[in-house]
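Me: Please take a close look at the helix packing and the aromatic rings of this model, and take me through the residues that make the contacts. A little on other parts of the chain would be welcome too.

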Amino acid sequence: MEIQSVIDYLKGYNGRPVSLMEVCGTHTAAIFKGGIRSFLSPKIRLISGPGCPVCVTPTAFIDRCVEYAMRPDCVLLSFGDMLKVPGTKYSLTEAKGEGARVELMYSPLEALDKAAAHPEITYVIAAVGFETTAPVYALLIDEARKRGIGNLRLVTALKTVIPALTWLCEGEEVDGFLCPGHVSVIIGSRPYEELAERYRKPFAVAGFEPEHILAAVYDLVRQLEEGTHAVHNYYPNAVKEDGNRKALAVLGSCFETGTAVWRGLGEIQGSGLYLKGEYAEYDGGSRNLTQDMKLPSGCRCGDVITGRINPDQCPMFAAGEKDGHAGCTPMSPYGPCMVSSEGACGIWYRNRV
């Protein structure tokens, strides 16, 4: 079907109101960049999901990282988007201002040479991500063992997407899902089939160009109109039915699943990735980070990442800017969804009219 016919259909849709969740933060950004909402009927609502790993990282994880960074014999390595995530007392940036040793990393593999050159220092990596990034940490640990490097630790907040989608299907009012593109490259399209059948909801895998997203949204709306619930792949050049088998094998060789806390959601069974027992020497105490600290009063990140509200409906969203008080902004985040480049609140803030 030609793209104009797709647009005409979506603009003219007058069926029952539907809510479609784009799970991935990169999709949220692409939807704004492509002006996708301007092509949709008011009865088609796009909502954001928990596909930003930084946004769902619990407070206890930040606190553990700060604790390591404050030790004189440790250096905490982190990607930049984790540095401003609020902990109980400090973010990593604030902790650094108090004397903590926090270094920005561009690749986890940088830690190998640093640890080899400074055996007196323990390099602790804030390992955050989904199936997309987790294989890199598996390769890191495997290489550290081969090279006999023992002064490395991972504090992990690595999560898997399918249990979170199950959680959403069980308890939230979502009619269909735009599957996370990058994660789907690793896990494939097949894992969504069981969810589609069990919960009778349509799923569509899409790339990040506007026409790809529009095609996927069109497919989801048509399936809902027709009463079908299949999984369709609109990203076949990158996503295969069974995913990236090599990456999945690497992942399975090093990690096992367990219960994990998603900030703003709570515990989700089988959604966390933890180092297996034979790699326990490299674990920085990740398994006991189970408390789900409450978000700051007034912060509604939990409602944002479940699609209950849009980011600008949170009372903290840029609150008081006109009076000189920023409220929650990327420069002064109140909650984690405003921090990451994939966080829904940050994306909405940067794309305000």
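Reply: Happy to; here is a walk through two helix pairs, the aromatic rings and two single residues.

A word on ground rules: this is a predicted model, in which local features need pLDDT of at least 70 and side-chain atom pairs count only at pLDDT 80 or more, while totals for chains, interfaces and linings use all residues. Residues are numbered from 1 along each chain as its sequence is written, and side-chain values use heavy atoms, with hydrogens and water left out.

Let's start with helix α1 (residues 3-12) and helix α10 (residues 210-226), which pack at an angle of about 50° with their axes 10 Å apart. (Helices are DSSP runs of H or I with at least four residues, strands E runs of at least two, numbered from the N terminus; axes are lines fitted to C-alpha atoms, for helices over the stretch in contact, with angles from 0 to 180 degrees between N-to-C directions.) The two helices are therefore oblique to each other, a class that takes what is left after under 35 degrees (roughly parallel), over 145 (roughly antiparallel) and 65 to 115 (roughly perpendicular). Their crossing is left-handed, the near helix being turned anticlockwise from the far one by less than a right angle. On the α1 side, I3, V6, I7, Y9 and L10 meet E211, L214, V217, Y218, V221, R222 and E225 of α10, where contact means heavy atoms within 4.5 Å. By class, these residues divide into 9 nonpolar, no polar and 3 charged.

Two residues of that contact, Y9 and Y218, join Y13 in one aromatic cluster. The structure holds 8 aromatic pairs in total, with ring centres within 6.5 Å and planes under 30 degrees apart called stacked, over 60 edge-to-face and the rest tilted. Y9 and Y13 make a tilted pair, at 6.5 Å centre to centre and 55° between the planes. Both of these tyrosines are buried, that is, under 20% relative accessible area, with exposed over 50% and partly exposed in between (1.4 Å probe, protein chains only).

Another pair is Y192 with F203: the ring centres are 6.0 Å apart and the planes at 20°, so this one is stacked. Because Y192 lies in helix α9 (residues 191-199) and F203 in strand β8 (residues 203-206), the pair ties together parts that are 11 residues apart in sequence. Y192 has 0% relative accessibility and counts as buried, and F203 is buried at 0% too.

The second helix pair is α6 (residues 134-146) with α11 (residues 245-254), whose axes come within 9 Å and cross at roughly 60°. That makes α6 oblique to α11, and the crossing is left-handed. A134, P135, A138, L139 and I141 of α6 make the contact with A247, V250, L251 and C254 of α11. This contact has 9 nonpolar residues, and no polar or charged ones.

Now for the single residues. L77 sits in strand β3 (residues 74-78) and is buried, at 1% relative accessibility. Beyond its neighbours within four places in sequence, L77 touches E103, M105, A111, K114, Y123, V124, I125 and A126. M331, by contrast, is in the loop between α12 (301-304) and α13 (344-350) and is exposed, with a relative accessible area of 68%. Its C-alpha atom is 10.0 Å from that of G346, 15 residues away along the chain.

How values were computed
Nonpolar A, V, L, I, M, F, W, Y, C, P; charged D, E, K, R; others polar.
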